[in-house]
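Student: Could you take me through the ligand site of this model and the spaces around it? I would like one connected account that I can follow residue by residue.

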Amino acid sequence: MCYTSGMKKFPDGFLWGAATAAHQVEGGNIGSDWWEWEQTRGRERSGDACRHYELYERDFDLARSLHHNAHRLSVEWARVEPQEGRFSDDALKHYAEVVLALKDRGIEPVVTLHHFTNPLWFARDGGWEDRRAPGRFLRYCDAVVRILGKHVRYWITINEPTIYVSHSFLFGVWPPQARSLWRMWRVSRNMVRAHVAVFRMIHQVCRDFGLREPAVSIAQHMTALVPCGSGLRCRFASWLRHKIFNESFVDALVRRRALDFIGLNYYSRQLVEPSNWGIRSLLSDVCRENHRPVPKNSVGWDIYPEGLYELLLKLKKYDLPVMIAENGICAEEDASRWIFIRDHLRSVSRAIGAGVPVTGYLYWSLLDNFEWEKGFGPRFGLVEMNYRTFERKVRPSALKYAEVCRTGVLSAE
Ligand code: GCO
């Protein structure tokens, strides 16, 4: 690592790029539980999204022109297995073409197998709560890995399991809108089992086919948990939340030796300030007084680049490579996007200097896209999307980031 005149040089072979997820960009994902849920919500629906299912080559041309050498995408289970046990050759062929389109452009694919959405048949027949869930997920992943395995080295089995289980089963904001600790616990347990089974399967398939060692992980969402005051309650609550929300899933997989690296999704800070010692308060209260103010993104999340450094240092104990699988900002104006990227890359560079083996950085997202229950309002993209004409327009921040991707160097200013 070079620090001369504030310039930061990243390691050779560092993966640079951006991330997307099928439901948020592809459009027409009619066989999924989210699609069905959107139709009844009275909120904005994903509809055609970015039409990425048909326009992916155009998008990958853009990624290449921006000097990305890696790209994270997700395979949509509902398309691949629209009915239980019946696999769609068309969908499998499509994803093989997608991955090859990346390879042709010199871009390393990072493939996610589950990014929040489920096939309708699965959701209706017990979903992730059912004890058959890990086996069902394994069967789908097996079909995908047998087709894509030759071309894909990096796999993310499940995106943000803790966000999925809490939003869908505890806070009741995503389908199936449950609010139950017990149901959340069952789903978490099934997701751990599912990941471990898929981790082993991918390694086995690679051995059977004589392919190079795969790198398999999850994408773990982590929030920087900063105590608002120096009192015991604030400090204890921050520690507890870190253990439960940031580390517990990773710990469960590390104990089972089922992670080749850690995929980290980082966006924001929580200023922790519980009003009492009750468990609800310890787990969710944040400061309401605007103590320690920081800038915010367009949906009100704190922007806190130091948090990425602090979390990366905490990951050192696992002794595993770390890939930043998502980090990004939604903003009304583009100027703050480059500042966000630059400041977070400084944190990554500091962490590398402190001995954390970070191997890549994937900005969320390549394109503006469908931000779940928030609809199309938040604009995360390096590339601006016109949802009427589907025209794509590269933002100035994308060009600044492209320079870092091209040179592997973050300049001082
Ligand atoms: C997540 C997902 C993405 C989001 C992104 C911005 O982290 O929730 O992986 O699907 O769109 O994080 O909120």
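Tutor: What follows starts at the ligand, moves out to the pockets, and ends with the enclosed cavities.

Please keep in mind throughout that this is a predicted model, and that each value below is computed from its atoms.

The ligand is surrounded by Gln24, His115, Phe116, Asn159, Glu160, Tyr267, Trp301, Glu326, Trp364, Glu371, Trp372 and Phe380. Sorted by class, this shell consists of six nonpolar, three polar and three charged residues. Among the polar approaches to the ligand, Glu326 has a side-chain N or O atom 2.5 Å from an oxygen atom of the ligand, while a polar side-chain atom of Gln24 is found 2.6 Å from a ligand oxygen. Trp372 also takes part, with an N or O atom of its side chain 2.9 Å from an oxygen atom of the ligand. As for how much of the ligand is covered, the ligand on its own has 310 Å² of accessible area, and the protein covers 96% of that area.

The next step outward is the space that holds the ligand, for the ligand sits in the largest pocket. This pocket has a volume of about 1500 Å³, and 49 residues line it, with Ile163, His167, Phe171, Thr223 and Gln270 lying nearest its centre. Several elements each supply at least two residues of that lining, namely helix H8 (161-170), helix H9 (181-208), strand E6 (215-227), helix H10 (232-255), strand E7 (262-272) and helix H11 (279-284). By class, the lining of the largest pocket has 22 nonpolar, 16 polar and eleven charged residues.

The second largest pocket holds about 430 Å³ of space. It is lined by 18 residues, and those closest to its centre are Trp185, Ser188, Arg189, Ser248 and Phe249. The elements that give two or more residues to this lining are H8, H9 and H10, and the largest share, eight residues, comes from H9. In this second largest pocket, the lining divides into ten nonpolar, four polar and four charged residues.

Besides these pockets there is enclosed space to consider. Rolling a probe the size of a water molecule over the atoms shows where empty space is left. In this structure there are two cavities of 30 Å³ or more.

The largest cavity has a volume of about 80 Å³, and of the 13 residues in its lining, Glu26, His52, Ser74, Tyr95 and Val98 are the closest to its centre. Helix H1 (22-25), helix H3 (52-65), strand E3 (70-74) and helix H5 (89-104) are the elements that give two or more residues to the lining of this cavity. The lining of the largest cavity is made up of eight nonpolar, four polar and one charged residue.

The second largest cavity contains about 40 Å³ of space, and its lining is formed by Trp34, Trp37, Glu38, Arg41, Arg43, Glu44, Phe370, Trp372 and Glu373. Here the classes are four nonpolar, no polar and five charged residues. Trp372 is a useful place to end, as this residue belongs to the lining of the second largest cavity and is also one of the residues around the ligand.

Technical notes: Residues are numbered from 1 along each chain as its sequence is written. This is a predicted model: local features need pLDDT of at least 70, side-chain atom pairs count only at pLDDT 80 or more; totals for chains, interfaces and linings use all residues. Side-chain values use heavy atoms; hydrogens and water are left out. A residue is near a molecule or strand if one of its heavy atoms lies within 4 Å of it. A polar contact is a pair of N or O atoms within 3.5 Å; within protein, one must be able to donate a hydrogen and the other to accept it, and residues adjacent in sequence count only if both atoms are side-chain atoms. Accessible areas come from the Shrake-Rupley method with a 1.4 Å probe; for residues, only the protein chains shown count as cover. On a 1 Å grid over the protein atoms alone, a cavity is a set of points where a 1.4 Å probe fits but cannot get out, and a pocket is an open set with protein on both sides within 12 Å along at least five of seven lines; lining residues have an atom within 4 Å of a point. A molecule sits in a cavity or pocket if more than half of its atoms lie within 2 Å of its grid points. Ala, Val, Leu, Ile, Met, Phe, Trp, Tyr, Cys and Pro count as nonpolar, Asp, Glu, Lys and Arg as charged, and the others, Gly among them, as polar. Grid points are joined across faces, edges and corners, and a volume is the space filled by probe spheres set on the points. Helices (H or I, at least four residues) and strands (E, at least two) are DSSP runs, numbered from the N terminus.
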